[in-house]
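Biologist: I would like to learn how to read a model like this one, feature by feature. Please give the general idea and then the case at hand.

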Amino acid sequence: MVLVIAVTVGAVLVVDRVGKQLRLRLPSARACVVDGGSGGEILLDADQMANAATISAIGLSMRLPQRGITVALATAWQESKLRNLSGGDRDSIGLFQQRPSQGWGTPAQISDPRYATRTFYKALVKVKGWENMRVTDAAQTVQRSAHPELYEQWAAKAESLAKAFTGEAVGAVSCRLSAEPATRGPAAADELAAEVRLDWGDRITAAVTPSDPPSLALPVKDVRAGWQYAHWLVAYAKDRGIKRVRFTDREWTAKDGAWSKVTVNPVDSGQVLAEVYGAA
């Protein structure tokens with residue numbers, strides 16, 4: 001049976017029901033979706049999803065709890081719609097619309113999503129009792145917005161994203177990327193490994209396998225960590241030429257844009273594998 005679900009942004013999600021499993025087929029070459037559980041699906045483009053993945057990964061690398069990542073995602077959703085903007089109100093820049101004139105850093109620094117994210121988290125953890133505040137109140141203590149209640153409208157979606165990128169949800173991040181990859185072959189694998197280090201720091205070591213096509217192996221200590229990296233890899237698939245991501249008995253491919261179970265040669269639970277496109 002096939003279900004067609006219309007969504008408000010003008011796209012259509014087509015869902016195949018196979019047995020008791022739902023597989024999302026994403027029509028856009030840049031469409032991504034997060035399974036928000038009871039909150040429904042969250043539709044983003046590939047750039048928004050990659051930014052959300054970076055915000056989450058840096059939060060995890062800084063040992064922030066899931067609540068802190070939720071606050072950061074809700075803040076960026078309100079400030080920039082999860083886009084790294086080159087401008088904004090007055091001298092505001094970037095994911096969090098931070099202002100050089102307010103001491104957040106130079107324009108070049110704030111334009112770096114990783115710098116902007118770390119700076120936001122450093123300010124958040126200085127707030128006494130932020131963990132027990134409403135999302136909008138915690139965000140407002142950092143941002144000092146003229147519209148302090150607006151962050152709360154993104155709280156539920158931000159929580160769903162945070163659950164996915166912290167590994168609480170399984171197979172929750174999917175992207176279908178039918179367009180040609182930006183990079184291929186060994187260069188793609190090396191660039192992917194560098195991207196992993198930028199977001200995760202010393203938290204993980206990425207090993208490039210010089211096969212054809214090349215692949216990247218990320219060691220993990222447990223299943224939850226595995227899904228953190230697996231979801232991050234899917235979010236970065238467009239820019240880093242990722243063709244396939246595998247973890248335990250689940251597999252995502254850029255062509256299908258969905259996670260499915262594999263019955264032959266499942267991956268050891270101690271690693272996540274990412275295969276990039278071979279050289280053209």
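Modeller: We will go through the overall make-up, a sheet, the aromatic pairs and two single residues.

Biologist: What kind of model is this, and how many helices and strands does the chain have?

Modeller: The model is predicted. The chain contains 9 helices and 12 strands. Half is the figure for burial: of its 280 residues, 50% count as buried. The accessible surface amounts to about 12900 Å², and carbon and sulfur atoms contribute 51% of that. For contacts between residues at least 6 apart in sequence, 59% join residues at least 24 apart.

Biologist: How do I read a sheet, and in which order do the strands of the open sheet lie?

Modeller: Strands of a sheet pair through backbone hydrogen bonds, and the pairing is either parallel or antiparallel. Here 3 strands make an open sheet with the order E5-E4-E6, paired antiparallel. Strand E5 (41–45) and strand E6 (173–176) are the edge strands, each pairing on one side only. From one strand to the next, the twist averages 25°.

Biologist: How many bridges join E4 to E6?

Modeller: Strand E4 (residues 31–35) is joined to E6 by 4 bridges, and the two run antiparallel. Within this pairing, Val33 stands opposite Ser174 in E6.

Biologist: Which helix packs on the sheet?

Modeller: Helix H1 (residues 46–61) does, touching E4, E5 and E6. The direction of H1 makes about 105° with that of E5.

Biologist: Now the rings. How is an aromatic pair described?

Modeller: Two values describe a pair of aromatic rings: the distance of the centres and the angle of the planes. A search of the whole structure finds 7 aromatic pairs. One of them is Trp200 with Tyr229, which is edge-to-face, at 4.6 Å centre to centre with 80° between the planes.

Biologist: Which parts of the chain does that pair tie together?

Modeller: Trp200 belongs to helix H7 (residues 185–200) and Tyr229 to helix H8 (residues 223–235), so the pair links parts 29 residues apart in sequence. Trp200 and Tyr229 are both buried.

Biologist: Why does the pair of Trp232 and Tyr236 count as stacked?

Modeller: The centres of the Trp232 and Tyr236 rings are 4.6 Å apart and their planes are at 25°, so this pair is stacked; the cut-off for stacking is under 30 degrees. Trp232 and Tyr236 are both buried. Elsewhere, Phe96, Phe120 and Tyr121 form one aromatic cluster.

Biologist: Next, a charged side chain. Is Glu195 buried or exposed, and what does Glu195 touch?

Modeller: Glu195 has 9% relative accessibility and therefore counts as buried, since the cut-off is under 20%. Glu195 is placed in helix H7. Leaving out residues up to four places away in sequence, Glu195 touches Arg114, Trp232, Tyr236 and Arg240. The stacked rings of Trp232 and Tyr236 are thus among the contacts of Glu195. A polar contact of 2.6 Å also joins the side chains of Glu195 and Arg240.

Biologist: Where does Arg83 lie, and which residues does Arg83 touch?

Modeller: Arg83 sits in the loop between helix H2 (66–80) and helix H3 (107–110). With 32% relative accessibility, Arg83 counts as partly exposed. Residues up to four places away in sequence aside, Arg83 touches Asp45, Gln48, Asn51, Gly94 and Leu95. From C-alpha to C-alpha, Arg83 and Ala50 are 9.5 Å apart in space, while in sequence they are 33 residues apart.

Definitions and conventions. Residues numbered from 1 in each chain as written. Predicted model: local features only at pLDDT ≥ 70, side-chain atom pairs only at ≥ 80, totals over all residues. Heavy atoms only, no water. Phe/Tyr/Trp six-rings, centres within 6.5 Å; stacked < 30°, edge-to-face > 60°. Buried < 20%, exposed > 50% of the residue type's maximum accessible area, 1.4 Å probe, protein only. Polar contact = N/O pair within 3.5 Å; in protein donor to acceptor, adjacent residues only side chain to side chain. Contact = heavy atoms within 4.5 Å. Areas by Shrake-Rupley, 256 points an atom, 1.4 Å probe, with all protein chains shown as cover. Pairing = 2+ DSSP bridges. Axes fitted to C-alpha atoms, helices over the stretch in contact; angles between N-to-C directions.
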